[in-house]
Amino acid sequence: MTSLEPSVAFATSLRCSLGGGDGRVSELKKDLENQLVLAPLTKGGNYAFRRLCTEFGAKVTVSEMAYARKVGKGDRKERTLFVRSENEGIFGAQIATNNCAEAVSACNYAQENGAKFLDLNCGCPIREVTRRGLGSALMRKPHKLVALVERMVSECSLPVTVKIRTGLEEDADAEKVLELVRDLGHVGASAVTIHGRTAQQRYSGNANWDLISKVSAESGVDVIGNGDILTAYEAKDRLADSGCLAVMTGRGALIKPWLFSEFEKDYTWNPTPMERIGVYRTLVRFMKERFRDDEKGRLRSFEFLRFHMDFFSRYRYFPEEEHRERSKEYPLIQQREKADLGFRDADVPPIEVLLQRPVDTVNLDALLGFLWDSGSDHEATRLFEEEALSLRKQTLLACSAGE
Ligand SMILES: Cc1cc2nc3c(=O)[nH]c(=O)nc-3n(C[C@H](O)[C@H](O)[C@H](O)COP(=O)(O)O)c2cc1C
């Protein structure tokens, strides 16, 4: 008999006692089914940004990772991470913890704030988290992790989901992941999100969708597949080909928050510069509403907006006819145009070049000022155009001076 068997029996009897299925679980399953989920994103998944994604049609969103201990102790900053925006649908609260009591008190707070599920972070590879035995460090001792999740499932009032990577070291071991996911399912995890890279890989290499598909097919557990989704057609293809319950996007949403609308309506939108500026201004508006439209609010919002502009500048258009087939082998997020568009290129409108420039090569705070202070998308676009023309002039002058 393995150490897990009594737990399996317990979980099964719990499900049976709830009438052939834990009501919390099956309801969440319905909510997640075939969705494109907004990933938990530290800094990126702030209240205003989640509100923006929801406005674009995201039905399921997850909070930034919060330390359960701090949430339980009433730490104001940490608790803020669980504030759900009014328009959000199914909202998950993500915690870092290795302790069930901490998870329970964080869960109670999350539930009071409208969260519909509790997600345990087992993927974060950063030292600050793993040295405390949290995040991906939990994957070092799978039996302990499964025992923790088992207790969480029985003691927390929300359904529990778990977010893992494909392993710790460079090479993922599909059999080990399969066993872990099966065990997590046996003790009652409602779903397991798999980010298709190991902790050591961080973001390098393509996400391993073969492994995700295998685990989804063979574990009998609802899997949310995650990694490298940038376009609606990649989301649809990954969902169909992997057999996952749902798919999740992180950087794709940060680069183009309208991805959720593309996914919902099954099309590709290539917004004009003014339309993109309109999207950024909507985010600014949500920031103003969150932090206030005053000097303090502006300073606070700019911290987030600098981060967001960095991702927004990575937007490139990938027409479906040209890229859909190739994207299955070569995820587009890994293929993004790396070359910096030159202001010497007369065919590309200067504003387009400006919007694509790495943020450390532009006067970022001036651009944020245009977004913050303008009264309309038109006005902001005109200011961006003027800035773009002046940058083009400077570039041409520098070139003719032989720099
Ligand atoms: C800026 C940033 C912050 C992240 N923060 C978290 C986090 O708080 N919790 C978590 O589980 N994963 C976090 N991740 C990982 C993402 O949730 C996701 O698993 C990863 O980005 C892979 O998905 P993608 O290829 O769609 O970006 C973060 C990723 C990024 C880029």
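Tutor: Let's start with a definition: a helix here is a DSSP run of H or I that has at least four residues. Keep in mind that the model you're looking at is predicted.

Student: Okay, so where does Thr130 sit?

Tutor: Thr130 belongs to helix α7, which covers residues 127–130. That run meets the requirement of at least four residues, so it counts as a helix.

Student: And why is Thr130 called buried?

Tutor: The cut-off for buried is under 20% relative accessible area. Thr130 has 19%, so it's buried.

Student: What does Thr130 touch, if I skip its neighbours within four places in sequence?

Tutor: Contact needs heavy atoms within 4.5 Å. With those neighbours set aside, Thr130 is in contact with Cys124, Pro125, Ser136 and Ala137.

Student: What makes Asn34 partly exposed?

Tutor: That class sits between under 20%, which is buried, and over 50%, which is exposed. Asn34 comes out at 46%, so partly exposed it is. You'll find Asn34 in the loop between α2 (23–32) and β1 (36–38).

Student: What's unusual about phi in a residue like that?

Tutor: Most residues other than glycine have a negative phi. Asn34 isn't a glycine, yet its phi is positive, near 60°.

Student: How do you know which class Arg202 falls in: buried, partly exposed or exposed?

Tutor: Same cut-offs again. Arg202 has 39% relative accessibility, so Arg202 is partly exposed. Arg202 also has a positive phi, about 50°, although it is not a glycine. Its place is the loop between β7 (191–195) and α10 (209–219).

Student: Let's try helices. How do you describe the way α6 and α8 cross?

Tutor: Two packed helices are described by the angle between their axes and the distance between the axes. For α6 (residues 100–112) and α8 (residues 142–155), the axes come within 9 Å and cross at roughly 35°.

Student: Is that crossing left-handed or right-handed?

Tutor: Right-handed. A crossing gets that name if the near helix is turned clockwise from the far one by less than a right angle.

Student: Which residues meet there?

Tutor: Cys100, Ala103 and Val104 from α6 meet Leu148, Arg151, Met152 and Glu155 from α8. By class, that contact has 5 nonpolar, no polar and 2 charged residues. Arg and Glu both count as charged, so Arg151 and Glu155 are those charged ones.

Student: Now the empty space. What makes something a cavity rather than a pocket?

Tutor: In a cavity a 1.4 Å probe fits but cannot get out, whereas a pocket is open. By this rule there are 5 cavities of 30 Å³ or more.

Student: How much space is in the largest cavity, and which helices line it?

Tutor: The largest cavity holds about 80 Å³. At least two lining residues each come from α15 (295–312), α18 (350–356) and α19 (364–373). The lining divides into 10 nonpolar, 1 polar and 1 charged. Arg counts as charged and Ser as polar, so Arg357 and Ser313 are the two that aren't nonpolar.

Student: And the second largest cavity, which charged residue lines that one?

Tutor: That cavity has about 50 Å³, and its lining has 6 nonpolar, 2 polar and 1 charged residues. Asp counts as charged, so the charged one is Asp119.

Student: Last one: which helix gives the largest share of the second largest pocket's lining?

Tutor: α9 does, with 5 residues. The pocket has about 390 Å³ of space, and 18 residues line it.

Terms used
Residues numbered from 1 in each chain as written. Predicted model: local features only at pLDDT ≥ 70, side-chain atom pairs only at ≥ 80, totals over all residues. Heavy atoms only, no water. 1 Å grid on protein atoms, 1.4 Å probe; cavity = no way out; pocket = protein on both sides within 12 Å on 5 of 7 lines; lining within 4 Å. Points joined across faces, edges and corners; volume = space filled by probe spheres on them. Axes fitted to C-alpha atoms, helices over the stretch in contact; angles between N-to-C directions. Buried < 20%, exposed > 50% of the residue type's maximum accessible area, 1.4 Å probe, protein only.
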